[in-house]
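Open the model in your viewer and keep the selection tool at hand. The stops below say what to pick next and what is found there.

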Amino acid sequence: MITEIILVLNGLTHAGLLFVLGSGLTLAFGLMRVVNLSHGAFYLLGGYLGLTVFRLTDNWWLALLAGGLGIALLGFVLEKILLDRVRGRALPETLLTIALSIIIADVSLAIWGGFAQSIRVPAALNPRISLFGFTYPGFRFFILGIAVFIGLGLWFLLQKTKVGAAVRAGVDDRETVSALGIDIHRIFTAVFVLSAFLAGIAGVIGASFLSIQPGADGQILILSLVVVILGGLGSLGGAVVAALVTGLLLSFSRAYFPEMSFFMVFGPMALVLAFRPQGLFGKWT
Amino acid sequence: MTADRGRRRTLLTVALVAVVGAVLVSFPSWLPPYYLTTVIRILFYSMLAMSLSFLAGQGGMISLTQTGLFGLAAYVLAILSVHYELPFPFPLLIALAGTLVVALAFGLISIRTYGTYFLILTLALGQILWAIAQQWTSMTEGFDGIQGARAPIIGGISFQEPANFYWVLLVVFLACFFLLRAVVRSPFGLALRGTRDSHVRMAALGFSVPRIRLTAFMIAAVPAALAGIFFVQFTGIITPVTLDLDRTVWILLIVILGGVGNLGGTVIGVFIALMFEVVVTRFTDRYLTAMGITFLLLVLFAPNGITGAVEGLKRRLDRSRRATPTPAPSDGPPERGPR
């Protein structure tokens with residue numbers, strides 16, 4: 001029983017990380033119809049930035065901020081000088097993001113090397129919590145808290161603010177939104193930068209409770225894609241449900257079928273897509 | 001055009017085919033071993049690239065799962081012949097059949113999606129094959145991969161001999177090439193291009209769009225699987241690296257270099273990509289960065305590839321010579337397809 005509780009908790013932690021990654025990806029897709037395939041590389045680079053800042057300053061919050069803001073800045077620059085050139089043509093834009101992901105991953109390898117590294121979370125953020133007779137690292141609850149906080153923040157931003165209303169309107173009908181005098185391009189940029197920021201933060205979180213190494217970008221990209229596809233492209237609520245399903249499945253299958261955990265994650269995605277090609281909560285675009 | 005000129009033209013074509021054929025067949029007798037190895041690599045990678053080029057160019061389906069199918073066929077063959085020591089035709093046949101079964105499953109999942117959605121779905125499917133290759137260590141030996149799959153010796157003829165291996169590969173390559181070309185030129189090919197340009201209209205005309213796309217997906221799986229079978233028997237090793245994202249992008253780069261939908265162009269694409277690799281790795285360890293930048297520039301400035309650029313130039317020359325405009329080729333860039 002205790003094993004199951006631990007597995008559920010692990011799964012929830014993982015779900016938190018996957019939600020932070022998937023929410024940005026799915027928002028950017030819903031609005032721009034473009035899947036940023038360098039999202040995994042953003043995660044990796046964000047983690048490395050956080051790692052370096054943490055080693056220099058020994059301050060975890062500063063590391064989190066550095067990872068998030070660094071990648072947000074990178075996203076801003078890339079959006080302005082590259083992606084904007086092919087805007088409106090979904091396939092070239094997607095292909096560009098693949099090229100970027102390869103470049104970022106290779107440059108990271110040159111700077112940070114090929115071995116697995118991780119951020120040692122300070123004890124203040126990682127109290128040992130006793131539950132039903134076993135102890136569990138408190139940092140994992142903290143991650144879950146961050147994920148919930150980000151989820152609520154995004155929900156508030158989308159549902160309760162004017163910018164969010166413009167974003168939601170842009171998802172449904174871009175032409176009308178621009179005809180109403182809203183600068184849709186600025187909104188595109190803002191959402192892309194937000195999505196990059198979330199990927200950077202996820203990288204620092206991932207580097208703190210897992211580890212980062214070359215190849216982590218590819219693995220996290222598959223998992224985020226599974227979350228986004230399963231939940232339905234563009235749906236925030238879908239991302240929550242899909243992150244929970246994927247995180248829990250990953251945790252349990254790693255314990256019981258360690259050689260098949262990725263396959264187990266893929267199972268429900270295939271099953272859902274067989275009946276709903278647009279995902280659980282997706283709309284046809 | 002007079003009948004005489006037509007006949008002369010036919011004769012010329014026959015002569016050209018004969019010369020090219022003779023050169024191709026005689027390669028092993030005069031090419032140094034290293035270059036023969038390169039030719040063999042070009043052939044099997046071209047078969048893989050052709051598979052994607054056909055799907056992307058004719059069907060508008062940029063499938064990033066083809067490298068996964070290639071690797072799957074190679075793994076099945078290696079596992080059956082090395083771990084289970086099955087005798088000759090069985091590992092090969094099971095690898096081909098098994099890959100086609102997986103392709104059918106992948107096809108059923110993905111054919112109802114279009115454009116970017118199709119792309120990321122096939123990417124996820126291909127990456128899952130990669131993840132399984134890495135994780136299922138008791139079967140795949142993880143990162144180390146499986147070594148020792150070799151071409152068979154049949155009736156005293158060793159196909160481990162590069163010359164013999166090359167001839168078989170050449171025959172299979174040409175068969176795939178002409179078969180795909182026949183499909184492109186058939187009524188089915190026309191229907192497939194119809195689904196690429198407007199699947200809604202094709203459905204309205206009474207065509208079964210999913211069936212057409214699934215058939216194309218299955219046809220494309222054959223050269224990919226065969227290429228994987230040749231690959232593993234030639235190199236003797238298969239590791240997860242063969243299925244990873246970088247390799248998938250490499251194949252995509254080749255397809256764009258050769259011109260999306262241009263089957264013969266893939267050979268040129270592979271040739272350039274291999275030369276590029278040789279040259280770049282001589283100067284820097286950052287081969288992948290160089291590849292990524294090339295890919296980026298290609299997508300930005302020459303989305304129709306080298307052959308596309310050459311054809312564009314030829315069309316412009318033609319136009320200035322004969323004042324009558326020539327129609328645009330039917331193989332458009334991939335972004336023309338519906339989402």
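The tour goes from confidence to the interface, then to helix packing and a hairpin.

**Stop 1: colour by pLDDT**

This is a predicted model, and its scores are ipTM 0.83 and pTM 0.85. Start with chain A, where the mean pLDDT is 86 and 99% of the residues reach 70 or more. Select helix 2 (residues 39–57) of chain A to see the element of that chain with the highest mean pLDDT, 94. The lowest mean among the elements of chain A, 78, belongs to strand 1 of chain A.

Now switch to chain B, which has a mean pLDDT of 86, with 91% of its residues at 70 or more. Among the elements of chain B, helix 10 (residues 209–235) has the highest mean, 95, and helix 14 (residues 305–321) the lowest, 70. Next select residues 324–339 of chain B, where the pLDDT is below 50. Beyond near neighbours in sequence, this stretch has 33 contacts in the model. Where pLDDT is low, predicted coordinates should not be read in detail.

**Stop 2: where the chains meet**

Show both chains. In the model, 34 residues of chain A are in contact with 38 residues of chain B. On the side of chain A that touches chain B, helix 4 (90–112), helix 9 (216–231) and helix 11 (261–275) of chain A each supply at least two residues. Which helix gives the largest share of that side? Select helix 4 of chain A: 13 residues of the side come from there. By class, the side of chain A that touches chain B has 26 nonpolar, 3 polar and 5 charged residues.

**Stop 3: helix 8 of chain A and two partners**

Select helix 8 (residues 184–209) of chain A together with helix 3 (residues 60–81) of chain A. The two pack at an angle of about 145 degrees, and their axes are 7 Å apart. The crossing of helix 3 of chain A with helix 8 of chain A is right-handed. Residues to display from helix 3 of chain A include A:Gly67, A:Gly68, A:Ile71 and A:Gly75, and those from helix 8 of chain A include A:Ala196, A:Gly200 and A:Gly203. This contact counts 13 nonpolar, 7 polar and 1 charged residues.

Keep helix 8 of chain A and replace the partner with helix 1 (residues 2–32) of chain A. Here the angle is about 165 degrees and the axes lie 9 Å apart. Helix 1 of chain A is therefore roughly antiparallel to helix 8 of chain A. Their crossing is left-handed. On helix 1 of chain A, pick out A:Leu17, A:Leu21, A:Gly24 and A:Ala28, which are among the contact residues; on helix 8 of chain A, these include A:Phe188, A:Leu198 and A:Phe209. The contact between helix 1 and helix 8 of chain A holds 18 nonpolar, 5 polar and no charged residues.

**Stop 4: a helix pair in chain B**

Select helix 11 (residues 245–258) and helix 13 (residues 287–301) of chain B. Their axes are 11 Å apart and make an angle of about 40 degrees, so helix 11 and helix 13 of chain B are oblique to each other. The crossing is left-handed. Display B:Trp250 and B:Leu253, among the residues of helix 11 of chain B that meet helix 13 of chain B, where the partners include B:Met291 and B:Phe295. By class, this contact has 9 nonpolar, 1 polar and 1 charged residues.

**Stop 5: the hairpin in chain A**

Finish at strand 1 (residues 128–131) and strand 2 (residues 134–137) of chain A. The strands run antiparallel and are joined by 4 bridges. What is the bridge partner of A:Arg128 in strand 2 of chain A? The partner is A:Pro137. Between the strands of this hairpin are 2 residues, and A:Phe132 takes a positive phi near 40 degrees.

Definitions and conventions
Residues numbered from 1 in each chain as written. Chains lettered and ligands numbered in written order. Predicted model: local features only at pLDDT ≥ 70, side-chain atom pairs only at ≥ 80, totals over all residues. Pairing = 2+ DSSP bridges. Axes fitted to C-alpha atoms, helices over the stretch in contact; angles between N-to-C directions. Parallel < 35°, antiparallel > 145°, perpendicular 65-115°, else oblique. Left-handed = near helix turned anticlockwise from the far one by under 90°. Contact = placed C-beta atoms within 7 Å. Nonpolar A, V, L, I, M, F, W, Y, C, P; charged D, E, K, R; others polar. pLDDT = per-residue confidence, 0-100.
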